[in-house]
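Reader: I have a structure to read and do not know where to begin. Please take me through it one feature at a time.

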Amino acid sequence: MKPAPFAYAKARSVAAAIELLASNDARLLAGGQSLIATLNMRLSQPALLVDINGIAGLDRIALTNAHIEIGTLVRYAQAERSPEIARAAPLIALALPHIGHTAIRNRGTLGGSLAFADPAAELPACMIALGAEIEIVGPQGQRAVKADEFFKDLFETALTARDVLTAIRVPVASGATRVGFAEFARRHGDYAMVGLAACAQADGTRLNDLRLAYFGVGATPVRARKAEAALAEGDVEAGVSALAGDLDPPDDVQASGAVKTHLAGVLLRRVARQLGRAAS
Amino acid sequence: MRITDDSPPIVSALDRPNSYIGRSVPRPNLARLTQGRAQFVSDLTLPRMAHVAFVRSPHAHARIVAIATAAAAKAPGVVAVVTGAKLAKVITPWVGVLTHLKGIKSAPQYAIAIERACWQGEAVCAVVARSRAEAEDACELVEVSYEALPAVADPETALESGTPVIHPELGDNLTFERVHVGGDPDKGFRDADAVIETTFHFGRHTGVTNEPRAILADWNEGEGRLTVYQGTQAPHMMQNLFAKHLALEEHQVRVLTKDVGGSFGIKVHTYADEMATVALSKLLKRPIKFVADRIESFVTDIHARDHRVKAKIGVKNDGTITAWEIDDLTGIGPYSVYPRTSGIEANQIVNLTGGPYTCPNYRARARVVFQNKNVMCQYRAVGHPIATAVTEGLVELAAAKIGMDPLEMRRRNLIPDDAYPSSGPSGIKFEALSHHESLAHLDAMMDYAGLRAEQKRLRAQGIYRGIGFASFIEVTNPSAAFYGIGGAKISAQDGVTMRLDAQGALICHTGVTEQGQGAEAVIAQVAASSFGVPIERVRVITGDTDSTPYGGGTWASRAAGIGGEAAWQAGKALRANVLACAASILQAKPEHLDIRDGAVVDRDGGNERLPLHELARIAYFRPDTLPPGFQAELVATRHYVPRAWPFAFTNGVQASYVEVDRDSGFVKLLRHWCVEDCGTVINPQLVDEQIRGGVVQGIGAALFEHCIYDARGQLLNGNMADYLVPMAAEMPDIEVGHVVTPTADSELGAKGAGEAGTAGAPGAVMNAINDALRPLGAKPLTAMPFTPGRILQALGRISESTPT
Ligand SMILES: Cc1cc2nc3c(=O)[nH]c(=O)nc-3n(C[C@H](O)[C@H](O)[C@H](O)COP(=O)(O)OP(=O)(O)OC[C@H]3O[C@@H](n4cnc5c(N)ncnc54)[C@H](O)[C@@H]3O)c2cc1C
């Protein structure tokens, strides 16, 4: 469990990082909580690690009226302590304690989680539920990608090998915003067997713009659109039944697809309660 | 975690002045361990040391057609690339059989596979380099051509005629079979009002140690001497094996074992890669180090517990158990592990099933078969968790069937406390056990009646909680009956050598070893108490075959009971020697003197006569002042081995309180209790830690740990993310209680305590889950680990045919 040899460079600016990425088979190093394990297991063998931890300004949390912007290097632990995130993005605050253990949250970054795009990770699903935007800087300049379009396939995102994810932009929660989060993990801190992140805007008894993003059920986070429609109408059980059409989780070592689909229904009832919808 | 102090009273016979026995003395090694100054093999470096990494078979079963090593040999830092054929010139193969397991057979196993790889992970080539990283780089350049062979994965079909025979020269895939009939089982089942039959499955799992296996071998050609630093539980056993297979004499081999980062039985076996490391040192004439990484650990550290047990119990309506029957089948990988064999776990299951109970009518069969998976062998509580879960599962299913309270059912069937000596249905002999007293203690400790009332109240609210029990027995302090009589050079006896140093402190060499469990503390306590010095003046030296008395090491919960008694006797012997010396200095009679708190005192009255440092000064530096003809002997050695009984059986009972979420199938462990009787409790804190740690590993088996293989013999979850070790957040408070029935075989009276927790916990948790789900009409769960998927299936929430 020793990594293959690699070179190391510490970037001092995003531009420098992009330049280094262009030169050869390079990989960005953020918190290292996923990357170092894959290197040690020789699942990947890049020639160069470009350390972005020294780039000033990437660990900022900035609040405007409409958005909260979270720099890519913001660590989970930092986000957990942030009053801005608690207020403006309460779904993220709900999800953070479920990620790994304290030691991992001290190092792991929010941007790293999205870039790595583990299908069982909490934050990618949260970003989809929140309708977040991902800020990317590449050789051609800056662009923003909607979370819905960011997660392409297993460990594959809209990022190319030349890009740096710089920030995450999340719409600020209003008084009408309702969020819900729940997951099943065998042990505290494990990646979820199946999890659900949800966000909606309450309008009287209606839930507008309801987004249910499941994780641990496929190659990427999965929107449960049929269940969203049922739940928006207030019918929790119809939502649970609709999941069979929304989700087709593959078997893995922790649970079969059938178990995951069942658990997805259990989560829906729990999250519906958090959204102010009582199960019948 | 709440710590409940339930320390037993100090046993009077041992209650010498200033006795440390029965006191929670902090371990003397605590500061060393917590300051990072322990000596783990993983951390050691020697001049000219090289590292070995192994190319391992990706196939469960394959012929090795060719190995191309030229590219690897030229890689940076590489010292040598060595195949099995080359290594076989310096080390002979071994066969893991014992003569007292009648008919057990196995094939020769080589340090590195030569013709065939027989499991995924078996080493097929070694690469030695300046650093482990360079060795791993070069491993990627070794090209092995394999011809894949059909893999035998499922024990159920291993003996069928269509299944390939893994070692054709053995004739079939049967390693070992034992049949036992006790009493009259047929009559027993005829006499029953109800017969309950079910099949239990136990998941293959492993013991995950903090520090992986580690070895550093240094062959010194000039001295003709092999020094091996090894994280092992049995240094003298390894000395014998290294000598035997490298054509050396034992005095040419020194095994050093200082701190070991956890063992659990994993480190008491012969591992091919460790043997290869030692052989490479001999071949290359330089120190070679091997430290298994996690990925290697999962595919090479022994696995255990992969058993399928068909089981049956007969019971009368008044609760009397009338008969037992079991049929055990287990797959142990392609080789019986050397030298303890892989037949012991199945043998123990036959020995222990039904053990706590009076019913003698018992039929048992156990079959052990070869398969192409990692090897299985003895892991903490060998066979006990299976025998206990089967027995206790049957008892609670029978109780439910006849509508009897499970504790009442046990009261009617457990061997009475005044019926000893006694024996179990398999014929195992018990000196003295305390099942009923333990049960009464548990009943009170957990407020059983109160819990039942709470359970009932909560059920009305749709909350499903369950209470499950497991009475158990534990084999400890083994005599030569375990291994010695079967021809293995594994010492059942152990010794302690005690020396008074020149300042009056006590230097204690012991054959038992420290692996984190606190053996050093126990030996120090006993030595200090027996001889008569403050514990701070005792230095315990373990793990050096050059200087410690010959002994078995640490396994089968023997360190305190056997090593402790040797220390007790050595302390007495040295005290007599020192008092003889004191008497000659003081012109007193030895029988009028004693040693207390580091000084020679008057036996009556306790007046100080001579501090030990003064005695030592005279004996070592001014012996001319002693009476003519008197020679002070300030060293004494004593050995001990249990002789009256083959094993010191211990007993106890555990209870588990769980809540099952019937929507998700998740189990929440609320509380756990263990009352156990290990005889004299030398150090209550260490005993309680052993019990708690053992319970946690038992819970791991019940709920979490599982080496999942596919039908081709590939391990699917060999990493710390997918293999679920039990972790603190999921663990309940574990309360420990004690009943004390000392063994009369030793003066100390201590039996073992290391495996009791692991023995009972899986059965207790299983029974608690089934108790919780019974009102929901769930099918009893009998396949461990109890995953949410399996529980949902039992509840009918997902269909039975879907995989979980
Ligand atoms: C024991 C353990 C348990 C864990 N449990 C969980 C869990 O329950 N839930 C969970 O979500 N995660 C879990 N993780 C993973 C953890 O959250 C990682 O920190 C996260 O997935 C990656 O973030 P990082 O900052 O460590 O990224 P790194 O490991 O440094 O990088 C990961 C990948 O992302 C790329 N990358 C990083 N930053 C950028 C960027 N700015 N632009 C472009 N690419 C980038 C890297 O090149 C690399 O390919 C666990 C990890 C461990 C070790």
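Author: What follows goes from whole chains to one residue and then to the cavities. This is a predicted model, in which local features need pLDDT of at least 70 and side-chain atom pairs count only at pLDDT 80 or more, while totals for chains, interfaces and linings use all residues. Residues are numbered from 1 along each chain as its sequence is written, chains are lettered from A and ligands numbered from 1 in the order in which they are written, and side-chain values use heavy atoms, with hydrogens and water left out.

Reader: How many helices and strands are there in chain B?

Author: Helices (H or I, at least four residues) and strands (E, at least two) are DSSP runs, numbered from the N terminus. Chain B has 19 helices and 30 strands; chain A has twelve helices and 14 strands.

Reader: What radius of gyration does chain B have?

Author: The radius of gyration is taken over C-alpha atoms, and the globule rule is 2.2 Å times the number of residues to the power 0.38. For 804 residues a compact globule would have a value near 28 Å, and chain B agrees, with 28 Å. The C-alpha atoms of chain B fill a box of roughly 90 × 70 × 45 Å along the principal axes.

Reader: Is E274(B) buried or exposed?

Author: Buried means under 20% relative accessible area, exposed over 50%, and partly exposed in between (1.4 Å probe, protein chains only). E274(B) counts as buried because its relative accessibility is 4%. In chain B as a whole, 66% of the 804 residues count as buried. E274(B) belongs to helix 7 of chain B, residues 272-284.

Reader: Which residues does E274(B) touch?

Author: Contact means heavy atoms within 4.5 Å. Leaving out residues up to four places away in sequence, E274(B) touches R213(B), I215(B) and Q230(B).

A polar contact is a pair of N or O atoms within 3.5 Å; within protein, one must be able to donate a hydrogen and the other to accept it, and residues adjacent in sequence count only if both atoms are side-chain atoms. The side chain of E274(B) makes one of 2.6 Å with the side chain of R213(B), and one of 2.6 Å with that of Q230(B).

Reader: How is empty space found?

Author: A probe the size of a water molecule is rolled over the atoms, which shows where empty space is left. On a 1 Å grid over the protein atoms alone, a cavity is a set of points where a 1.4 Å probe fits but cannot get out, and lining residues have an atom within 4 Å of a point. The structure holds ten cavities of 30 Å³ or more. The lining of the largest cavity has 19 residues, and nearest its centre are Q109(B), W119(B), Y271(B), A272(B) and T300(B).

Technical notes: 1 Å grid on protein atoms, 1.4 Å probe; cavity = no way out; pocket = protein on both sides within 12 Å on 5 of 7 lines; lining within 4 Å. Points joined across faces, edges and corners; volume = space filled by probe spheres on them.
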